[in-house]
Amino acid sequence: KIRLDGKDVHSFSKVLFLCALKGKYEGGGFMFTPQARLDDPYLHICVAHGIPVLKRFFLLPKCLKGKHVGSPGVSIYRCRKIEILSSRPKFLHVDGELVGPAQKAVVRLEETKIRMVY
């Protein structure tokens with residue numbers, strides 16, 4: 001289950017992946033959230049769920065170019081805070097590091113800005 005901004009709750013089964021991103025890309029060039037912009041005030045969420053094993057092989061290449069959006073079993077959301085609740089402990093991939101196992105994770109945007117040099 002996920003809870004968005006403390007209110008909307010969505011349930012999924014057989015989750016392949018869930019990404020909560022500020023930018024478009026994750027995992028070595030996968031464009032999981034093509035609508036995301038670094039300067040907007042939202043986290044962008046992509047959940048791939050309920051996809052049969054053979055169809056997963058066709059979905060993942062689409063993710064490289066952001067063409068998976070709108071595919072069956074792909075849900076897209078945006079929020080400022082997401083709570084991720086799992087029935088069983090899962091490992092999390094957080095900014096390149098493996099974390100867990102955990103049954104609950106909370107990701108939120110902070111109000112404080114950090115100056116970045118591009």
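A salt bridge here is a side-chain nitrogen of Lys or Arg within 4 Å of a carboxyl oxygen of Asp or Glu. In this predicted model, Asp39 and Arg37 form such a pair, with their closest N and O atoms 2.9 Å apart. The count by this rule comes to five salt bridges. The model also holds an open sheet of four strands, and its largest pocket encloses about 1,200 Å³ of space.

**Sheet**

- The four strands of the open sheet run in the order 2-1-6-7, and their pairing is antiparallel.
- Strand 2 (8–10) and strand 7 (97–108) have a single partner strand each, so they stand at the edges and one side of each is left without a neighbour in the sheet.
- From one strand to the next, the twist averages 20°.
- Nine bridges join strand 6 (residues 81–94) to strand 7 in the antiparallel sense.
- Glu83 has Val106 in strand 7 as its bridge partner.
- In general, the strands of a sheet pair through backbone hydrogen bonds, in either a parallel or an antiparallel way.

**Salt bridges between strands 1 and 6**

- Arg3 forms a salt bridge with Glu83, and the closest N and O atoms of this pair are 3.2 Å apart.
- Because Arg3 belongs to strand 1 (residues 2–4) and Glu83 to strand 6, the pair ties together parts that are 80 residues apart in sequence.
- Glu83 has a relative accessibility of 10% and therefore counts as buried, the cut-off being under 20%.
- Arg3, at 28% relative accessibility, counts as partly exposed.
- A network of salt bridges links Arg3, Glu83 and Lys104.

**Other salt bridges**

- Of the two residues in the Asp39 and Arg37 salt bridge, Asp39 is exposed, with a relative accessible area of 62%.
- Arg37 counts as partly exposed, at 47% relative accessibility, since the exposed class requires a value over 50%.
- Glu110 and Arg108 also meet through their side chains in a salt bridge, at 3.4 Å from N to O.
- Glu110 is exposed, and its relative accessible area is 57%.

**Largest pocket**

- The largest pocket has about 1,200 Å³ of space.
- Its lining has 32 residues, of which Leu18, Ile84, Phe91, Leu92 and His93 are the closest to the pocket centre.
- Strand 3 (15–21), strand 6 and strand 7 are the elements that give two or more residues to this lining.
- Strand 6 gives the most to the lining of the largest pocket, with 10 residues.
- By class, the lining of the largest pocket comprises 18 nonpolar, seven polar and seven charged residues.

**Second largest pocket**

- The volume of the second largest pocket is about 790 Å³.
- Among the 17 residues that line the second largest pocket, those closest to its centre are Lys22, Leu38, Glu110, Thr112 and Lys113.
- Glu110, one of these residues, is also a partner in the salt bridge with Arg108.
- The lining of the second largest pocket divides into eight nonpolar, one polar and eight charged residues.

Methods
Residues numbered from 1 in each chain as written. Predicted model: local features only at pLDDT ≥ 70, side-chain atom pairs only at ≥ 80, totals over all residues. Heavy atoms only, no water. Pairing = 2+ DSSP bridges. Axes fitted to C-alpha atoms, helices over the stretch in contact; angles between N-to-C directions. 1 Å grid on protein atoms, 1.4 Å probe; cavity = no way out; pocket = protein on both sides within 12 Å on 5 of 7 lines; lining within 4 Å. Points joined across faces, edges and corners; volume = space filled by probe spheres on them. Nonpolar A, V, L, I, M, F, W, Y, C, P; charged D, E, K, R; others polar. Buried < 20%, exposed > 50% of the residue type's maximum accessible area, 1.4 Å probe, protein only.
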